[in-house]
Amino acid sequence: MCARLARWSAAELALMPSLQKRMHSTMNKADRFVVPVDRSTLPRGYLVATTYAGIKKAISPAPATDAAPQHAPKPDLTLLVSSTPASVAGTFTSNKFQAAPVVHATRALQAQGPHARARAVLVNSGCANAVTGQGGYEDTETLVKELQKLLPAGKHNGPDTASDVLMMSTGVIGVRLPLPQMLRGIQHLMRGHVLQSNPEAWLEMARAFMTTDTFPKLRTRQFKLGNRLCSMAAIDKGAGMIHPYMTSPGGLHATLLGMFVTDAPVATPTLQRCLEEAVRESFNCISVDGDMSTNDTILALANGQAPVIGTGSPVEGEISERTHPELVNIFAEELKAMSIEMAHLIVRDGEGAEKFVQVHVKNAGTYEQAHAIASSISTSALVKCAMHGEDANWGRILCAAGYAAVPSSSPAWSLDPTKVNVSFVPPPNASGLSPIHTLKNGVPQHVDEVKAAELLAQEDIYIDMDLQGGSWKEGACAEAVFWTCDFSKEYIAINGDYRT
């Protein structure tokens with residue numbers, strides 16, 4: 001179908017919005033969202049390695065067959081090593097059933113205190129090591145300790161610490177890790193010239209993160225901090241079981257995993273604060289299916305190896321709010337922008353997703369209240385089905401907003417149904433389309449069905465809800481943005497198979 005459509009004119013396609021939509025949604029997502037990485041933008045002082053350890057095959061053997069494999073298996077074990085102990089920060093799932101690697105990482109970072117460092121991060125797919133009891137925790141410890149023994153002595157003073165090596169796992173819940181296969185895999189990763197730093201090696205690392213993802217998610221960027229030219233690489237994964245609410249290591253609270261790796265010189269407490277702020281407005285604002293994983297983890301490493309360039313004020317040591325507040329603001333904005341970009345990739349790769357939906361709630365009492373309403377709309381199965389059916393069903397949107405668990409505030413604030421406006425607005429990349437106003441001051445508006453169909457035929461759908469201050473007469477100007485996707489038949493097919 002796509003080859004045939006390619007021969008049609010733009011004018012012919014403009015008359016066929018539903019056909020355009022199908023063409024866009026059925027294109028290979030890897031072709032659309034995997035972008036080449038410039039070697040010069042990779043962060044200095046890091047090496048990565050990837051291998052196939054046969055993790056999923058070991059925990060869930062497939063029936064024997066004489067058929068030859070059609071393609072090489074996807075890598076499922078990957079390692080990142082910093083040449084020098086890096087500042088490290090993390091945010092973790094608030095699910096009460098935290099997986100063993102989450103518990104290990106939070107304990108390790110808490111034990112280190114405000115100046116935690118990490119030399120390596122080990123990641124596996126195929127087995128989440130969640131709900132596996134004390135044995136599962138000991139499996140994580142075994143792998144971490146083995147890797148600590150194999151790592152070369154770092155450029156630092158003092159003994160190795162609990163947070164020298166952290167681990168992230170994703171995959172099947174309720175099954176312990178296959179240690180023999182993974183221990184052999186670690187030996188391979190540390191052997192000879194397996195550890196590298198080039199675009200191909202980083203892309204393979206992103207592939208190793210994947211479970212039901214349809215494409216690897218890797219991005220890089222560069223920015224200046226004083227006289228340092230800094231680089232940042234980001235990898236994440238997630239397609240199902242996505243509705244994260246991640247907190248700092250101090251909070252006990254198919255999976256979202258993410259890693260931000262930079263050569264910027266950032267102090268650990270500052271890195272932690274910047275990561276929490278970035279996650280708050282990115283990964284904690286997405287939903288695929290409303291299910292919070294046991295394994296959600298975002299880690300950030302900063303090793304300070306960025307090269308000095310000829311211009312800019314000298315930067316000595318690590319930046320912090322006390323020593324370099326202006327540079328911290330620059331770094332925080334770069335990290336947040338990259339976090340939002342990576343969070344969007346997860347939504348676009350949602351299991352069976354054909355639509356990318358943005359929900360913008362504004363003029364609420366507090367950010368938390370706006371966030372709660374946007375989240376309620378974004379996780380409504382009826383809203384998500386309406387978006388798949390390209391139906392401007394504002395009634396479902398209002399219903400989800402009305403039952404949202406809105407947190408309290410002082411003074412008290414509440415949504416006022418007589419003030420609510422709801423509109424569907426064109427996405428930034430669309431031209432020739434106008435906003436569709438479906439509700440104004442709580443009163444339904446006449447909707448041009450033809451124009452609504454054109455707008456909702458787009459792959460990206462933007463919903464704006466203006467609460468106009470709610471119960472407050474003034475001062476209610478908080479807003480929040482949430483990103484979600486539609487529900488399709490493919491989502492049911494994927495999640496109806498217990499083996500995924």
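Biologist: Which residues touch the most other members of the largest nonpolar core?

Modeller: Happy to start there. This is a predicted model, where local features need pLDDT of at least 70, side-chain atom pairs count only at pLDDT 80 or more, and totals for chains, interfaces and linings use all residues. Residues are numbered from 1 along each chain as its sequence is written, and side-chain values use heavy atoms, leaving out hydrogens and water. A nonpolar core is a set of buried Ala, Val, Leu, Ile, Met, Phe, Trp, Tyr and Cys residues joined through side-chain atoms within 4.5 Å, and of the 77 residues in the largest one, those touching the most other members are Phe260, Phe283, Phe331, Ile377, Phe424 and Met465.

Biologist: Where does this core lie with respect to domain 1 and domain 2?

Modeller: Helix H11 (residues 325-348) gives the most to the core, with 11 residues; helices (H or I, at least four residues) and strands (E, at least two) are DSSP runs, numbered from the N terminus. Domain bounds come from an automatic or database domain assignment. Domain 1 (33-60 + 72-308 + 319-349) and domain 2 (356-497) both give residues to this core, so it lies between them.

Biologist: How are the rings of Phe223 and Phe331 arranged?

Modeller: Rings of Phe, Tyr and Trp (its six-membered ring) pair if their centres lie within 6.5 Å; planes under 30 degrees apart count as stacked, over 60 as edge-to-face and the rest as tilted. The centres of the Phe223 and Phe331 rings are 6.2 Å apart and their planes stand at 55°, so the pair is tilted.

Biologist: Is Phe331 buried or exposed?

Modeller: Buried means under 20% relative accessible area, exposed over 50%, and partly exposed in between (1.4 Å probe, protein chains only). With a relative accessible area of 1%, Phe331 is buried.

Biologist: Which side chain makes a polar contact with the side chain of Glu351?

Modeller: Glu351 is one of the residues covered by the UniProt annotation "binding site" (unreviewed entry); such positions are given in the numbering used here, feature names are shortened, and annotations may be inferred rather than shown by experiment. At 4% relative accessibility, Glu351 counts as buried. A polar contact is a pair of N or O atoms within 3.5 Å; within protein, one must be able to donate a hydrogen and the other to accept it, and residues adjacent in sequence count only if both atoms are side-chain atoms. At 2.7 Å, the partner of the Glu351 side chain is that of Thr212.
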